[in-house]
Number of protein chains: 4
Amino acid sequence: MKVGVVGVGYWGPNLLRNLIETNRCSELWCYDLCSSASAKVRHRFPCVRFATSLQELIGRCDAVMVATPVETHAPLARAILDAGRTVFVEKPLTNSSQKAEELLQLAERRRAVLMVGHTFIYSPAVRKIREYIDNRTLGDIYFISASRVNLGLHRKDVNVVWDLAAHDLSILYYWLGAIPLRVAALGRACVGRMVDVASLHCEFPEGVVANIEVSWLAPCKLRRTVLIGSERMVLYDDTQTDEKIKLLDRGVKLEEPQSFGEYQLTYRTGDVLSPFLDITEPVFLQTRHFLDCVETGARPETDGFVGLKVVTALEAACESIDKNGAFVETSPSTSACAPRRAERARHAIGANP
Amino acid sequence: MKVGVVGVGYWGPNLLRNLIETNRCSELWCYDLCSSASAKVRHRFPCVRFATSLQELIGRCDAVMVATPVETHAPLARAILDAGRTVFVEKPLTNSSQKAEELLQLAERRRAVLMVGHTFIYSPAVRKIREYIDNRTLGDIYFISASRVNLGLHRKDVNVVWDLAAHDLSILYYWLGAIPLRVAALGRACVGRMVDVASLHCEFPEGVVANIEVSWLAPCKLRRTVLIGSERMVLYDDTQTDEKIKLLDRGVKLEEPQSFGEYQLTYRTGDVLSPFLDITEPVFLQTRHFLDCVETGARPETDGFVGLKVVTALEAACESIDKNGAFVETSPSTSACAPRRAERARHAIGANP
Amino acid sequence: MKVGVVGVGYWGPNLLRNLIETNRCSELWCYDLCSSASAKVRHRFPCVRFATSLQELIGRCDAVMVATPVETHAPLARAILDAGRTVFVEKPLTNSSQKAEELLQLAERRRAVLMVGHTFIYSPAVRKIREYIDNRTLGDIYFISASRVNLGLHRKDVNVVWDLAAHDLSILYYWLGAIPLRVAALGRACVGRMVDVASLHCEFPEGVVANIEVSWLAPCKLRRTVLIGSERMVLYDDTQTDEKIKLLDRGVKLEEPQSFGEYQLTYRTGDVLSPFLDITEPVFLQTRHFLDCVETGARPETDGFVGLKVVTALEAACESIDKNGAFVETSPSTSACAPRRAERARHAIGANP
Amino acid sequence: MKVGVVGVGYWGPNLLRNLIETNRCSELWCYDLCSSASAKVRHRFPCVRFATSLQELIGRCDAVMVATPVETHAPLARAILDAGRTVFVEKPLTNSSQKAEELLQLAERRRAVLMVGHTFIYSPAVRKIREYIDNRTLGDIYFISASRVNLGLHRKDVNVVWDLAAHDLSILYYWLGAIPLRVAALGRACVGRMVDVASLHCEFPEGVVANIEVSWLAPCKLRRTVLIGSERMVLYDDTQTDEKIKLLDRGVKLEEPQSFGEYQLTYRTGDVLSPFLDITEPVFLQTRHFLDCVETGARPETDGFVGLKVVTALEAACESIDKNGAFVETSPSTSACAPRRAERARHAIGANP
């Protein structure tokens, strides 16, 4: 396969490194407007070739990966799909759901594959937790709470919600088979002009609620998600190398009301299990999956539809921030691709036959 | 001094233990309707005497501490104040700001001392952080984020906001010299009928924002508060025995816009300091302060006014939960005692002359 | 039962508190030469009565617990056993194996019960690990490594080995059914005249080796024991409240030599399990067991024989320190009680029929 | 500069990566007998050229780095020095002090630079601690305790002492300006034939003692060194990314004996400071220093003499293991280069004028 990468500033070199490690590409190309980024790549990856225009890159490759500022995703992906090439776009897919819809439709028309870089979906930890949800190890899910904060690089192209909450919304979509029905969010621009601290309250089908806290202003890095189920709880700490997941056999139950309607709660504490997890880097697994899709034409797990859904939820969150925390509904997708996903949703939480 | 305790179920015995440890009370009395609670006290603290009625207890004591379900706080405190005795009421002072106001007025009329059990105000960690705020070690405060969650005893008298967020609101009042101007809160009753998970977004004077997460449903106990300032950050983890506070010399600054209005952010990372803290139990320090006030008639640091302010904020939070997250203003206090507090506020953050 | 405590300085009040909590003693007595210690007890536990002499205490009680400096253990225990009373002696039993032997013989002659305060044997964590050893969850034990260090109170009656390693040697005796066959130890008196830092290398039957590090000079408290087995590993951290034990499905195996005698190692990494453990305080469980033995005359789990074995090992360790690390054999016990223990040893590791 | 690397199996690729990152080498060459290792390098670093013999590599380069099994260090280094090239040898320098002496003499004769890969000497954390020692922040050092354990790759060329304790001995040499005067060590081969678990007791000039625990059999990775001084303590945890060092203002002091010779200890607990540390990778700093030495001909900080001293201490440790823990003196170096080091030692701990 011949694969190209557009944008080799901050994230693109990671894509190149992983492409090289798969050892499956006969030629690697890249294209970037910035000459200093290109020089670094030339130095670090002498095997990579340089295209002098986007058109040249597209012409020379079977598939192209896009790792540029978000506002350029749509025009770049459009050009690549128009040429009938497989395209991978970093998350978030676009900065508006309308543009994402258009890309999906274009991909359909061109019968071209569109994949979005929701990397966490390829993380063994995230997959193990979906198993726990699907096989009802957790019971009914009461709520989910996620903190994704650090003293981070303030991005210039998008705010902290589009940057960090995109991860959580894609993970939640993977776990629950849905994006929030509605979102209430509050955010602030503490330093600079972009919102750099925000909290989202998300209401999913079946009554599941998720709180997401994202911030570029935090003393310590947190990548901590808690799932509270009626049967068990999960603590997922992605900053750990060992024991990323803990499955805790703990809970509270409401007993049948006694005489006179006095209700009783019982508390349960049991073992804690940290399941063994494959330590392969999710970006590598994602890259391998992308190359599989290029080869076979198969639909990626994180296809354009997933990308669209996440963008829809992000849009709702930012609209809520603008409305100072008022609830905003996510508009039901009108995409022709939607129905196919009903299947997946059926396996998800709360959807017992 | 002769001191009495009303209510010796869950928390009252702690008050007794600390009263005994001060070694300053000539007689200790208690009163409880529940005979099994009384029997336990009789066994554990044989020196404590038992009153057969509230009136007897009040009659025999110089001061009375109340550790009963919240709805009984107001009538009990009223009876004690009416008798001209010094009274200590566990937090929250009452379950409505109106009742709290009435107690304050009664205390004024009787010239009796009213103290509220906002224990954290006596914690050396909380006091050290106020020092950092007051001497501008942190610079301007951008925001504060607090998590107070555990797999907790679901209380039957109040919901998780009145139970746990009362601590955070009293701490914030102590740090910032104010309660929130307005609150937006969301909460759920996952198990049982009481709200057992909630998040509060609080807006303070001078633009400071605090997020408070409280829950009785969590896999691990968190008592974690982060303060983000323009100069430094603080991580306060009350579950630690060593290093409860970390003062981090970290931050981000917006530099003067360069030509063409491009703004630049600079990141700074420096030392981390964990200051030495006295390890005396805050409940003991609070008890000692109470006995000082009984002896001298001095106004307690956590007097009725503080208690009222916290109740006012809790009321606003719960009203917001009922209104599904809509912002609720805290009504400005009309209490005659209010003006005296202006002094304190002057020392607090943002109030530079 | 009427129970007495001799010595109410540092540790004795803990025994009193636990005796009170069992709610099984009709009278509690204590005796201490130090009037300020007695005064504190009088204040804290008004129900406790005071004897004016050891003889009075012995005369008034069915059983006596001894919590005094180590050099007084033997004469005190002798007086109590002579009077035919049940006696509990804090660890270590005595400061020489000869005195310990004499106490055992005296107890035999008087048919009186002698129990030693090896509290950790009653800890649910220590018991769970013995289960893992006995049911061969760990496979063959390669070695054990224990760190018991803190910035501790330098004792004046014994050095750090007698103070802290006594715990580890009793735990190892409980796990392995034996004390070390021989010990090599090195120690230093960094501050003061007592050895305050030491490391012990202990060789047990069946080739098991244990390293024990003890210190009164350490920046942080460590109570960390690691067991490395051929099948699994255990990490036991007694400073944790949650997850004191982790059972790790990790290991290395030597594969059958291939052609030409090249050996191969295979590494295995699997799940980590933190079993649920009862959180009752070990001192309480020990106190309850003591009262059971007082009532029934049964042999305690940590009887004089266990106490003697631990003293024998401690003696060997200190002799080795004096000999600058030379190996010292533990002399085989000549006690008449020894044979009874063969049973226990049979269940222990490596002793497969 | 033209730089070559001999041996590109496990560690060599790291050297190549860092050489590339310095961006200071006009040509990079490598040589390895193993064709699969070479193939991986060819794939990962397409800019690296391949020599077909050691002689070719030496002929084409100004300097050569050796990252091969330990027994080949001496002959390879000899060949490179003989050709007058600058040589870098991974730690440990050789597997015997005699061979190390010979290399030093050869380097002197050829006036060629010999550097040893004691990487930790370039770690900002290790350097900061030397500052604390040199400026007497810690006061007198009572002892040092180091744990370097993990579930590690059992090496086939050397045992765990030569593999892991080499790091600690080089760090201690850097901190204290000396290797141990004598060592007592115990070790075992739990799995396989090589010693895979060992503990070393090292006695340094001025009465400083260091215990080193190394193991390839451990449930969790530990890289934990504690320094106990009369004034302060240091906890150095190299597995942390943040707060690798903690400087603790804690200690115990022996007060002047009171009347009747009763000694008193006083305990002190103060602040904990985690100093900011540069996060540049030590291997990169080491590589940069090596290239500086190649350019200028300067003596490296970790020259052959340091390498020899560490080998001398490792030899003593392994001799002690063979003698079952008996103390073994490190023979005083006879190298002509030794006197020059007296200077360094003068700055080290305990060497007050």
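Me: A residue is called buried if 20 or more other C-beta atoms lie within 10 Å of its own. With that rule in hand, how many of the 19 residues of helix α9 of chain D are buried?

Reply: Keep in mind first that this is a predicted model. In α9(D), 17 of the 19 residues are buried, so the helix is largely enclosed by the rest of the structure.

Me: How should I read the length of a helix, and what span does α9(D) have?

Reply: The general idea starts from the turn: an α-helix has 3.6 residues a turn, so residues three or four places apart point the same way. For length, one counts 1.5 Å a residue, and the 19 residues of α9(D), numbered 304-322, should therefore span 27 Å; the end C-alpha atoms of the helix are 27 Å apart, which agrees. Just after α9(D), the residue D:N324 takes a positive phi of about 60°.

Me: Is strand β9 of chain D buried or exposed?

Reply: The same test of burial applies to a strand. Six of the seven residues of β9(D), which covers residues 197-203, are buried, so this strand, too, is largely enclosed by the rest of the structure.

Me: Which strands pair with β9(D), and in what sense do they run?

Reply: To read a pairing, look for the bridges between two strands and for the direction in which the strands run. Strand β8(D), residues 182-188, is joined to β9(D) by seven bridges, and the two run antiparallel; within this pairing, D:G187 stands opposite D:A198 of β9(D). Strand β10(D), residues 209-215, also pairs with β9(D) in the antiparallel sense, again over seven bridges, and here D:L200 has D:I212 of β10(D) as its bridge partner. Five residues lie between the strands in the hairpin of β9(D) and β10(D), where D:E206 takes a positive phi near 65°.

Me: Stepping back to a whole chain, how do I judge the overall form of chain A, and what is its radius of gyration?

Reply: One compares the radius of gyration with the value expected for a compact globule: for 353 residues that would be near 20 Å, and chain A has 21 Å, which agrees. Along its principal axes, the C-alpha trace of chain A spans about 80 × 45 × 45 Å. Its secondary structure comes to ten helices and 15 strands, and 52% of the 353 residues of chain A count as buried. Among contacts in chain A between residues at least 6 apart in sequence, 67% join residues at least 24 apart.

Me: How are chains A and B related, and what rotation superposes one on the other?

Reply: The way to read this is to ask for the rotation and for the shift along its axis. A rotation of 180° with 0.0 Å of shift superposes chain A on chain B, with an RMSD of 0.0 Å, and the two copies are thus related as by a two-fold rotation axis. The same surface serves both copies, since 97% of the contact residues of chain A recur in chain B.

Me: How many residues of chain A are in contact with chain B, and which strand gives the most?

Reply: In this interface, 32 residues of chain A are in contact with 31 residues of chain B. Several strands of chain A each supply at least two residues of its side, among them β7 (141-149) and β14 (264-274), while β13(A) gives the most, with five residues. That side divides into 23 nonpolar, six polar and three charged residues.

Me: What does the interface between chains C and D look like by the same reading?

Reply: There, 31 residues of chain C are in contact with 31 residues of chain D. The largest share of the side of chain C, four residues, comes from β13(C), and that side divides into 23 nonpolar, six polar and two charged residues.

Definitions and conventions:
Residues are numbered from 1 along each chain as its sequence is written. Chains are lettered from A and ligands numbered from 1 in the order in which they are written. This is a predicted model: local features need pLDDT of at least 70, side-chain atom pairs count only at pLDDT 80 or more; totals for chains, interfaces and linings use all residues. Copies are superposed by least squares on the C-alpha atoms of residues with pLDDT of at least 70 in both. Two residues are in contact if their C-beta atoms, placed from the backbone, lie within 7 Å. Ala, Val, Leu, Ile, Met, Phe, Trp, Tyr, Cys and Pro count as nonpolar, Asp, Glu, Lys and Arg as charged, and the others, Gly among them, as polar. The radius of gyration is taken over C-alpha atoms; the globule rule is 2.2 Å times the number of residues to the power 0.38. A residue is buried if 20 or more other C-beta atoms lie within 10 Å of its own, exposed if 12 or fewer, and partly exposed in between; C-beta atoms are placed from the backbone. Two strands pair if DSSP finds at least two bridges between them. The expected span of a helix is 1.5 Å times one less than its number of residues.
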